Every structure is written in C-alpha cells, then in structure tokens.
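User: I am new to this structure and would like to go through it step by step. Please keep the answers short.

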Amino acid sequence: MRSSFLILCALLFWSLGSGTLFDDDLRELTEILRLQMRCGYPDRGIPVLAPAQMAFKSIDISTDSFRCQGNFTDLSIVGLDGFEFHTLQWSNIRHTIKFDMTFPRIQLKSSNYKLNFLSLWGDGVFDLELINLRAKGSFIIRPSALTHGTHIKSWKVDWQLGKSSSKITGILGKNALVSKIFNQIIDEFLELLINDNPNEISQFMEQLIVPPMNSVLQNLAWYEITAIILGLVKGVLPVEPIC
C-alpha cells in the first residue's frame with residue numbers, strides 16, 4: 001500500500017513538472033519490448049508477437065464504407081517486431097502517446113482463409129506482404145473504473161502503405177489464373193484503399209488493434225502503466241527478454 005502511494009506521489013510530481021518524456025527514454029522501453037515480443041509476457045496476458053500465431057482467428061469489421069467478414073486458420077504474422085519509430089512522445093498531463101512509426105515488412109499467412117470483402121470472396125491459402133506500412137497519430141490511456149485497469153480512448157491514427165505483394169489463392173473459386181489476375185488487382189487496390197481512405201482505414205485498424213490491446217491493459221492499473229512509461233517501477237517489465 002505504501003509503495004503504491006509513493007508511486008502515485010511520484011507520478012503527481014512528474015505530471016506537474018513535465019509535459020513530455022524525452023524520446024530516448026521511451027525508445028529504450030520500446031527496444032526492451034521489441035526483444036520481449038519474441039517471448040511474450042504471460043504474466044501480463046501478452047502472447048508471443050514475433051511472430052504472432054493463432055490457430056484460428058475470426059474477423060468481422062465494419063466501417064462507414066465497407067465490411068470484412070470471415071476467418072483464418074493457422075494464422076501467422078511476421079514482422080511486428082521490425083518497427084522503426086520516427087517520433088515517440090508521452091504527455092504526462094494528457095496521458096497521451098504520440099507516435100510516427102514504420103513497419104518495413106509485415107507478412108500475413110494462413111493455411112486456409114474464408115473472407116468476404118466488398119464484392120470479393122475467397123477460400124484458400126492466404127499470403128500477403130505489406131511493405132513500408134506507416135502509422136502516425138496518437139491515443140490516450142485512461143483508467144477503467146470497472147476493472148481497475150486501463151484502456152485506450154481517442155484513437156487517432158493515419159495509415160500509409162508503400163506497396164504490397166499478394167499471393168492469395170482461392171479468390172472467387174479455385175481457378176489459379178483468376179487468383180493471379182486478382183492478386184495483381186489487390187496489390188494496386190490495397191495501396192489506393194489505404195492511402196486514399198484515411199478515415200475508413202483508421203476505423204478498420206482501430207477495430208482490429210484496440211480491443212486486443214485493451215484486453216492486455218485491463219490487467220494493468222493506471223498508475224502502473226504510467227509508471228512503466230516513466231521508468232518508476234522496477235520489475236514490472238523485464239530489462240532483458242525472458243523466455
């Protein structure tokens with residue numbers, strides 16, 4: 001109880017005395033997290049993320065303009081730990097994280113997918129590589145009264161894609177030539193879809209990313225997650241990867 005009180009006092013001091021944490025302090029934390037992504041952090045409900053693997057993943061996401069519905073079997077996501085930060089800032093007063101980051105390569109593979117997206121449907125092997133995927137924006141971390149944990153709100157993130165490489169099978173049937181033609185269309189379409197529709201893509205990615213992040217944050221109290229960022233709590237996150 002006393003240690004919690006001391007942490008809260010320290011956080012109050014930081015909030016009154018500083019508006020933004022130096023980038024270098026946060027970068028050190030991200031490098032620790034990058035290494036830990038290979039092992040996960042089970043005590044905090046964080047699975048292995050490099051690569052991220054799921055035996056089965058269903059998806060049903062709607063935006064103002066489109067809907068994507070279906071599922072993936074033996075889904076693998078490679079490259080999440082390859083992130084590069086251009087900007088990274090933390091506001092002690094608003095509890096806001098602002099960032100500008102790029103994923104050089106993210107590869108999504110599934111031994112079998114079933115998807116309906118716009119006027120397309122597919123049932124086959126999923127193999128899609130996203131190259132130079134950039135995310136720039138901010139979000140706020142707030143305490144959750146019901147769970148005594150934290151959650152993300154005010155997710156405002158814009159996305160840009162350099163290019164993609166699609167090798168998906170089973171598009172509109174089993175004809176390999178049809179899939180090859182549509183893969184070429186998908187590569188062109190994805191770049192236009194992501195780069196020219198910021199609001200819809202932001203909605204889509206928010207529904208995809210924020211719920212699993214909140215499921216992890218619900219296990220962390222507000223003062224705990226803030227103290228992790230400020231470097232006030234020792235032993236909450238490892239200083240080197242633990243597998």
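User: What is the accessible surface of the protein chain, and what share of it belongs to carbon and sulfur atoms?
Analyst: This is a predicted model, and the values here are computed from it. The accessible surface of the protein chain is about 13,800 Å². The share belonging to carbon and sulfur atoms is 59%.

User: Which residues make the nonpolar surface patch of about 460 Å²?
Analyst: One member, I185, sits in helix α3, which spans residues 176–196. I185 is partly exposed, at 43% relative accessible area. The patch is made by L118, L177, I181, I185 and F189.

User: How many helices and strands does the protein chain have?
Analyst: Along the sequence, the pattern reads α-β-α-β-β-β-β-β-β-α-α-α. Counting its symbols gives the totals: five helices and seven strands.

User: What percentage of the 243 residues in the protein chain count as buried?
Analyst: A residue counts as buried when its relative accessible area is under 20%. Applied to the 243 residues of the protein chain, that cut-off gives 44%.

User: What share of the contacts with a separation of 6 or more comes from residues 24 or more positions apart?
Analyst: Take the contacts in the protein chain with a separation of 6 or more. Then keep the pairs 24 or more positions apart. Their share is 66%.

User: Which element gives the largest share of the largest nonpolar core?
Analyst: This core has 47 residues, and F99 and W159 touch the most other members. Elements that give two or more residues include β2 (52–62), β3 (67–78), β7 (150–166) and α4 (198–217). The largest share is eight residues, and it comes from β5.

User: Leaving aside neighbours within four places in sequence, which residues is W159 in contact with?
Analyst: W159 is one of the two residues that touch the most other members of the largest core. Its contacts, leaving aside neighbours within four places, are L133, R134, A135, I194, N195, I201, S202, M205 and I209.

User: Where in the chain do R38 and D81 lie?
Analyst: A search of the whole structure finds six salt bridges. One of them joins the side chains of R38 and D81, at 4.0 Å from N to O. The two residues are 43 apart in sequence. R38 is in the loop between α2 (23–36) and β2, and D81 is in the loop between β3 and β4.

User: How far apart are the closest N and O atoms of R67 and D60?
Analyst: R67 is partly exposed, with a relative accessible area of 42%. D60 is partly exposed too, at 42%. They form a salt bridge, and the closest N and O atoms are apart by 2.8 Å.

User: Is E129 buried or exposed?
Analyst: E129 lies in strand β6, residues 120–143. Its salt-bridge partner is R105, with the closest N and O atoms 3.1 Å apart. R105 lies in strand β5, so the pair ties together parts that are 24 residues apart in sequence. R105 is partly exposed at 47%, but E129, with a relative accessible area of 18%, is buried.

User: With which side chain does the side chain of S164 form a polar contact of 3.0 Å?
Analyst: S164 lies in strand β7 and counts as buried at 9% relative accessibility. Leaving aside neighbours within four places, its contacts include L128, E129, I186 and D187. The polar contact of 3.0 Å is with the side chain of D187.

User: What is the C-alpha to C-alpha distance between S164 and R105?
Analyst: E129 is in contact with both R105 and S164. In sequence, S164 and R105 are 59 residues apart. In space, C-alpha to C-alpha, the distance is 9.2 Å.

Definitions and conventions: Residues numbered from 1 in each chain as written. Predicted model: local features only at pLDDT ≥ 70, side-chain atom pairs only at ≥ 80, totals over all residues. Heavy atoms only, no water. Helix = DSSP H or I, 4+ residues; strand = E, 2+ residues; numbered from the N terminus. Buried < 20%, exposed > 50% of the residue type's maximum accessible area, 1.4 Å probe, protein only. Contact = heavy atoms within 4.5 Å. Areas by Shrake-Rupley, 256 points an atom, 1.4 Å probe, with all protein chains shown as cover. Patch = residues over 30% accessible without salt bridge, like charges linked within 9 Å, V, L, I, M, F, W, Y side chains within 5 Å. Core = buried A, V, L, I, M, F, W, Y, C linked by side-chain atoms within 4.5 Å. Polar contact = N/O pair within 3.5 Å; in protein donor to acceptor, adjacent residues only side chain to side chain.
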